[in-house]
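User: Please take me through the reasoning behind some of the terms applied to the model shown below.

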Amino acid sequence: MDLKDDAVKGIVPWDGTLSSFDFSLSAHTFSDKWKRFNPSFPAWQWITCPKQHHLVASHKVEGYLSLENMCHIKSSQSLQEQESDRSLTWKEESNISQREEPFDKATLVCPEHEVNHYDFHIVYSASYRVPVLYFRSYRSDGQLLPFNEIEKDLPGHSAKLRSESKWTFITHEEHPYLNRPWYKLHPCGTSDWMKLLFHSDSSLNKNGFVIEQYLISWFSVIGQVVGLKIPLEMLDTVVSNDS
């Protein structure tokens, strides 16, 4: 039996979850590749936070990924064109802002008329042992948007995804680090779906790339719900680099 056979054997009993340490490793791989293959977007930033367990003294730290002040511009396209091209609106406005005005890496400056701003966080859930996408939206004056307004910005296929899949429904809960209400894509079925993905795709499991590839593969589907598409090169390079 060669090393690749051993790698496959080691992956088979995997339950689709990650430890907090593995989440950190996968998050840094994800943010590095996003920056490399998605240069028109701001980078995902790793935000370090104190460990949340107050009853146990610990010097360990936790953290999450943050992509903030993304802008959704109200389009003049027809409704049909908007539904097919909604996710591109994020990228096009990023490029416009970079040409018109310099901005800090963590901030994307957009025109103030008919703009909704979005913050996205990828947070590790200790109870489900999987990543969770948190998000919120607000107008240029800082007023938070209710979900019925956010739904108007989501791509047309988002409602279909959320109605058909048990792990893409949206809830409104307290952010585990910020202690304020944020929307999140509930993680109740994430481990089952991720387990099926890695076990059924030989290009992923043949080289034992579960941890490094996890967040990239997860976001390739989760991101579609909120209109953020992942560049195909991010998926291709993981396979090609180790094949």
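**Terms and reasons**

Analyst: In this predicted model, the number of disulfides is zero.

User: How do you know that the structure holds zero disulfides?

Analyst: A disulfide requires a pair of cysteine sulfur atoms within 2.5 Å. The structure holds zero disulfides, so no pair meets that cut-off.

User: Why is Cys49 called buried?

Analyst: Its relative accessible area is 10%. Buried means under 20%, so Cys49 qualifies. Cys49 also belongs to a core of seven residues, which includes Val123, Val132 and Tyr134 as well.

User: Why is Cys188 called partly exposed?

Analyst: Cys188 has a relative accessible area of 32%. Partly exposed covers values between 20% and 50%, and therefore the term applies to Cys188.

User: What makes the phi of Arg129 worth a remark?

Analyst: Most residues other than glycine have a negative phi. Arg129, which is not a glycine, has a positive phi of about 60°. Arg129 is located in the loop between strand 3 (115–125) and strand 4 (130–139). Asn179 likewise has a positive phi, near 55°, and sits in the loop between strand 5 (170–174) and strand 6 (181–185).

User: Why is Arg129 called partly exposed?

Analyst: The relative accessible area of Arg129 is 38%. This value lies between 20% and 50%, so Arg129 is partly exposed.

User: Which residues have the most contacts inside the largest nonpolar core?

Analyst: They are Phe30, Phe120 and Ile122, in a core of 39 residues. Helix 9 supplies the largest share of this core, eight residues.

Technical notes: Residues numbered from 1 in each chain as written. Predicted model: local features only at pLDDT ≥ 70, side-chain atom pairs only at ≥ 80, totals over all residues. Heavy atoms only, no water. Buried < 20%, exposed > 50% of the residue type's maximum accessible area, 1.4 Å probe, protein only. Helix = DSSP H or I, 4+ residues; strand = E, 2+ residues; numbered from the N terminus. Core = buried A, V, L, I, M, F, W, Y, C linked by side-chain atoms within 4.5 Å.
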